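Thank you for asking me to look through this model with you. My notes follow as numbered points, to be read beside the sequence and the structure.

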Amino acid sequence: MAKKYLKRIFDDELEEVLDMIGAVLIVGPKWCGKTTTAEQHAKSVLKLQDPDNRENYLKTADIKPSLLLKGEKPRLIDEWQVALYYGMQLEQVLMNLKEMDYTS
Ligand SMILES: Nc1ncnc2c1ncn2[C@@H]1O[C@H](COP(=O)(O)OP(=O)(O)O)[C@@H](O)[C@H]1O
Ligand SMILES: [Mg+2]
C-alpha cells in the first residue's frame, strides 16, 4: 500500500517561493523528507543518483549541463551535489538555470 503523504508547513512555503524565484535549494539532514516533499511540487524529476543512469547523467553534467535541466517545470534535480564531484559547480548550475530563464 502506498504511504500517505503528510502535508507539512514547508509545503505552503515552497509553493509560495516557487511562484517568486527560479530555483530553490532544499537542504536538510538525510531522511528528513527533502525528496518526498519536493516530489509533491515537481512536474518532472531527475534523480542523479539513479544507478541505471548515473554515469550518463554525470557525463552530461560535464559536457552539456543544460540538457539535464530540460523537462517540465518545476523540475526536481535530486541529489544534485553528486555532480559536484564531477566538476559541475553550484554557480554553474545556477548560471545555467538563469540562461534558460528558469522562472518556475
Ligand atoms: N511528508 C511526508 N509524509 C509521509 N512520509 C514522508 C514525508 N516526508 C518523508 N516521508 C518518508 O520519510 C522517508 C524519508 O524521506 P526522503 O524524502 O527520502 O528523505 P530525504 O530526501 O530528506 O533523505 C521516506 O520513507 C518517505 O516516504
Ligand atoms: Mg532524498
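1. Is L58 buried, partly exposed or exposed, and how many C-beta neighbours does L58 have inside 10 Å? In this predicted model, L58 counts as partly exposed, because 18 C-beta neighbours lie inside 10 Å, whereas a buried residue would need 20 or more. The residue is found in helix α3, and its C-alpha atom is separated by 6.0 Å from that of A83, although the two residues are 25 apart along the chain.

2. On the overall layout, the secondary structure of the chain comes to four helices and two strands, and, when read along the sequence, these elements follow the pattern α-α-β-α-β-α. Of the 104 residues of the chain, 8% count as buried. If one takes the contacts between residues at least 6 apart in sequence, 76% of them join residues that are at least 24 apart.

3. The packing of the two helices at the start of that pattern deserves a careful description. Helix α1, which covers residues 9-20, packs against helix α2, residues 34-41, at an angle of about 50°, and their axes are 10 Å apart. Because the angle falls neither under 35 degrees nor in the range from 65 to 115, α1 is described as oblique to α2. The crossing in which α1 passes α2 is right-handed.

4. Which residues bring these helices into contact? From α1 the contact takes F10, D11, L14, E15 and L18, and these meet T37, Q40 and H41 of α2. Sorted by class, the contact of α1 with α2 has three nonpolar, three polar and two charged residues.

5. The surroundings of ligand 1 are made up of 13 residues, of which L6, G33, K34, T35 and T36 come nearest. By class, the shell around ligand 1 divides into four nonpolar, five polar and four charged residues. A reader may wish to set this beside the preceding points, since α2, one of the two helices described there, covers residues 34-41.

6. Some backbone features call for a second look. Most residues other than glycine have a negative phi, and most peptide bonds are trans. W31, however, has a phi near 75°, a positive value in a residue other than glycine. The place of W31 is in the loop between α1 and α2, and W31 is exposed, with 8 other C-beta atoms within 10 Å.

7. E79 also has a positive phi, of about 55°, although it is not a glycine. This residue has its place in the loop between β2 and α4, the latter being residues 90-99. E79 counts as partly exposed, because 14 C-beta neighbours lie inside 10 Å.

8. Where is the cis peptide bond that joins K73 and P74 placed with respect to α3 and β2? The bond between K73 and P74 is cis, with omega about -5°, and P74 is found in the loop between α3, residues 54-63, and β2, residues 75-78.

9. Turning to strand β1, residues 44-47, one may take V45 as a point of reference, since V45 is found in this strand. V45 is partly exposed, with 16 other C-beta atoms within 10 Å. Leaving aside residues up to four places away in sequence, V45 touches E39, L76 and D78. The C-alpha atoms of V45 and L69, which are 24 residues apart along the chain, are separated by 9.8 Å.

10. The last residue to single out is Q92, which lies in helix α4 and counts as partly exposed, with 14 C-beta neighbours inside 10 Å. The C-alpha atom of Q92 is separated by 8.9 Å from that of P65, and the two residues are 27 apart along the chain.

Definitions and conventions. Residues numbered from 1 in each chain as written. Chains lettered and ligands numbered in written order. Predicted model: local features only at pLDDT ≥ 70, side-chain atom pairs only at ≥ 80, totals over all residues. Near = placed C-beta within 6 Å. Nonpolar A, V, L, I, M, F, W, Y, C, P; charged D, E, K, R; others polar. Buried ≥ 20, exposed ≤ 12 C-beta atoms within 10 Å, placed from the backbone. Contact = placed C-beta atoms within 7 Å. Axes fitted to C-alpha atoms, helices over the stretch in contact; angles between N-to-C directions. Parallel < 35°, antiparallel > 145°, perpendicular 65-115°, else oblique. Left-handed = near helix turned anticlockwise from the far one by under 90°.
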